Amino acid sequence: MIHQRICFGGFSAGKAPLVVARGGFSGVFPDSSDFAYNLTRVLGLPNVVYWCDVQLTKDGAGICFPDLRLENGSTVDRLPGQENKHNTYLVNGASMQGWFTVDFTLDDLWNITLKQGVYSRPDKFDRLYLPILSVQDLISQQFSPPGLWLNIQHDAFFRQRNLSMRSFVISVFKSAIVDYVSSPEVNFLRSILAQKPSRTKLVFRFLGQDEVEPSINQTYGSLSRNLATIKAFASGILVPKSYIWPVDENLYLQPHTSLVLDAHAEGLEVFASDFANDVPFAYNFSYDPVAEYLSFIDNGEFSVDGVISDFAITPTEAICKLSGQSSYFIELDYDSAKHTCQDVIGPKSMFLSHRQQCVTRLRKRLISYDMSLVSAIPLVISTNGSSGDYPGCTDLAYEGAMSDGADVLGCPVQMSKDGIPFCLGSVNLIDSTTIAQSEFSNLTTSIPELGVVNGIFTFSLTWSQILSLTPAILNPYANYRLYRNPKFKNAGNYMALTEFLLLASNASSLSGVLIIVENAAYLAKNQGLSVTDAVLDVLQDAILDNVKVMIQSTNSSVLIKLKEESKYELVYKVDEDIRDADNSTIREIKKFADSVVISKASIFPNVEKYLTGRTDVVQKLQAFELKVYAEVFQNEFVSQAWDFFSDVNVEINNFVMGGGVDGIITEFPRTAVRYRRNKCYLGLSEDEIPQFMLPVYSKGLWSTMDPQDRPPAEAPKPVLTHADVVEPPLPPVVPKAAPPSDTGSGFIPSAPTPKLNGQPKVVAFNIPSYLAVVIATLAPF
């Protein structure tokens, strides 16, 4: 026997919330496809039930498909000769057009394959042969679902077509174990109540508050206030999550309702639906899907009995976080593992090209990895504070990061016109303030050496003028209409470096500060400002008895100067994606740095968000006793590779357990700290870590695609060489000359000079225009 420990011991026996995989792992593969169900299985998720939306065909066969109409989730509209099957029907009193399942026999559906019905999700698997599964297919030995939930959405519609959903479901009872049957129609549940096996639970499904239940002609909202009547024909209720935690028109949580407590008082189980990682949910959760699940199972007042999710791994993580490390085991024998692999449809297994390799990998818990790579407690570094929740580098962002439990606070140092060093994420004030709408908007200019077009720079204003500006939260994914905490988008105050260090020195929870120094050569040569001297002067006067000071730069010249004049921990940032580093280059870095920051793509390269492998850059740097920190981690699902299932927690886990990094640099420190406290990870041995907490195979989705659908290969990332790192010394400070008189010729920018890592590079002018920035600062309210 292979014993897999699942850390659900914190719940009373058998009472951990149920995870229901809607259509399998439908957040990645087409809903109700064999790949979707098998991914749920291969990930080794415990306490999971497979959800099947049952539709009937013309000849009375039951299929698993998410809707009455076939076109959104299948290729029915692409096949010739189907035009005459496009029909119009009344469904619950509303006219609907399309290709309906009732106009096709089961044999007719043989040549129709499944496709991704949510167009924001991966579409690279649509060309695979993914047949529509019958319910009998799903309950066959090929899948052997650990639990089965049949959802019957439209019994009345099928009865109007002289098809009996009741007879079909009763026939399934005779051939398979069905754990749950749900329906939004009271009469259907009543019709099967006397025929169901004792272990099968009936669940009444609520639709929108104002929608009308067709059997008894009452709104679902009114029924939610009369739960005693439901107990007569069901043992549980399934409700949209908004029935429990409503949100206002601005997508902020309102006080929770009493629905769960009321239902439990009536002896009804409560299941919540509409969970998906890749749709916006309440801003209160900071785009962290685990945080949302925890509000339903760990809020101090109630817990739902289960959740229906398109990404079943995420609620499993949430449940695991709450659990203890005792007594709850799942047993998976070798024959079951072998059977899982053999039954994956197609010439390729879910992750590998040979089925025997799949068996081997399952026995090794899905991935070959070295436990020695795992950092037990990754350092959590927040360079701009909690900039996912507040404008970066403000007092609110820093206080938020400390409250969230960050280990290290970062201050990217900028210089004001009057030589005051202060914390701000960019030298361009347009990026982080509303200066474009201020009296200083006429200071817009372009500086090719800094890679900025149409910017307003910190060294163009005095510190008092900068303090008069209104902060603006960074919205890196505004083009996806994903905005950060709009209520606080202009909140907080910026801090001078002296104030930042005072704040850090008074925080008992912090272990260090990270001071980031950039543009030193330009400031010295062109603005008469020495940012290195300014930083050292402030540090010399600061009292930081229990706080470690780290100083980071992309310029070796800066770190060499600091090494000569101080004893702080120095951090070298590689300013481009790399695939490797020469040993001689690493030796050179070791001369002036104690640790290195590299991009996520330098560890797990990807093409169009599909992982294409894993480099050994981390391990090569660590072999020279350099700590390695990866950046930058963001909670928005569009920031992550598809292989991480639109879940930043899965992403962090892969960089820690699969990449072996010593720390992560994040804009959402609360999420990283919560991950680090997960009881299904912290302190467990290799044999105890549950399968779903192990790293994903780094070419899993890529190898599953039809080769014709793989994105075009990109040019390989460069190797970090000696020439990339070595730079001439910093230039001396040149006092800034008085501005020349206006000759009417206008401003002429100087020619680009070598900057990044001392290597001449072409500056890509992709900064938004001044007008675009103005518009962006006004969104979303």
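The second largest cavity holds about 70 Å³ of space. Cavities were located on a 1 Å grid over the protein atoms alone, as sets of points where a 1.4 Å probe fits but cannot get out; lining residues have an atom within 4 Å of a point. Grid points are joined across faces, edges and corners, and a volume is the space filled by probe spheres set on the points. Five cavities of 30 Å³ or more result from this rule.

The model is predicted: local features need pLDDT of at least 70, side-chain atom pairs count only at pLDDT 80 or more, and totals for chains, interfaces and linings use all residues. Residues are numbered from 1 along each chain as its sequence is written, and side-chain values use heavy atoms, with hydrogens and water left out.

The lining of the second largest cavity comprises Val 290, Glu 317, Lys 321, Asn 649, Val 650, Asn 653, Arg 674, Tyr 675, Asn 678 and Met 693. Three helices each supply at least two of the lining residues: H10 (313-322), H21 (648-658) and H22 (669-676). Helices (H or I, at least four residues) and strands (E, at least two) are DSSP runs, numbered from the N terminus. H21 gives the largest share of this lining, three residues.

H22 is itself largely enclosed by the rest of the structure, because seven of its eight residues are buried. Here buried means under 20% relative accessible area, exposed over 50%, and partly exposed in between (1.4 Å probe, protein chains only). The buried set in H22 is Pro 669, Thr 671, Ala 672, Val 673, Arg 674, Tyr 675 and Arg 676. Arg 674 and Tyr 675 also appear in the cavity lining. Cover for the buried residues of H22 includes H10 and H21, along with helix H9 (289-297), helix H13 (395-404), strand E16 (379-382) and strand E29 (663-666).

Across the protein chain there are 25 helices and 30 strands. The chain has 781 residues, of which 58% count as buried. Its exposed area is about 31,100 Å², with 51% supplied by carbon and sulfur atoms. Accessible areas come from the Shrake-Rupley method with a 1.4 Å probe; for residues, only the protein chains shown count as cover. Among contacts (heavy atoms within 4.5 Å) with a separation of 6 or more, 73% link residues 24 or more positions apart.

Confidence varies along the chain. The average pLDDT, the predictor's confidence in each residue from 0 to 100, is 86, and 85% of the residues score at least 70. Over residues 1-14 the pLDDT stays under 50; the model has 56 contacts for them beyond four places in sequence. Residues 742-779 also have a pLDDT below 50, with 58 contacts in the model beyond near neighbours in sequence. Where pLDDT is low, the predicted coordinates should not be read in detail.

Strand E21 (residues 512-517) is mostly covered, with six of its six residues buried. In a regular strand the side chains alternate between the two faces of the sheet. In E21 both faces are covered. Gly 512, Leu 514 and Ile 516 are buried on one side, and Val 513, Ile 515 and Val 517 on the other. Strands are taken to pair if DSSP finds at least two bridges between them. Strand E17 (residues 408-415) runs parallel to E21, joined by six bridges. Within this pairing, Ile 515 of E21 stands opposite Cys 411. Strand E22 (residues 548-553) also pairs with E21 in the parallel sense, over five bridges. There, Met 550 of E22 is the bridge partner of Leu 514.

The loop between E21 and helix H16 (520-526) contains Asn 519. This residue has a positive phi of about 65° although it is not a glycine. Asn 519 counts as buried because its relative accessibility is 14%. Glu 608, also not a glycine, has a positive phi of about 50°. Glu 608 lies in the loop between strand E26 (606-607) and strand E27 (610-611). Its relative accessibility is 44%, so Glu 608 counts as partly exposed.

A cis peptide bond joins Glu 631 and Val 632, with omega about -10°. Val 632 belongs to strand E28 (residues 627-633).

Two further loop positions were examined. Thr 75 sits between strand E4 (62-64) and strand E5 (86-91). At 8% relative accessibility, Thr 75 counts as buried. Beyond neighbours within four places in sequence, Thr 75 is in contact with Ile 112 and Thr 113. Gln 437 lies in the loop between strand E18 (421-423) and strand E19 (445-447). Gln 437 counts as partly exposed, at 38% relative accessibility. Its C-alpha atom is separated by 9.8 Å from that of Thr 470, 33 residues apart along the chain.

Conventions
1 Å grid on protein atoms, 1.4 Å probe; cavity = no way out; pocket = protein on both sides within 12 Å on 5 of 7 lines; lining within 4 Å.
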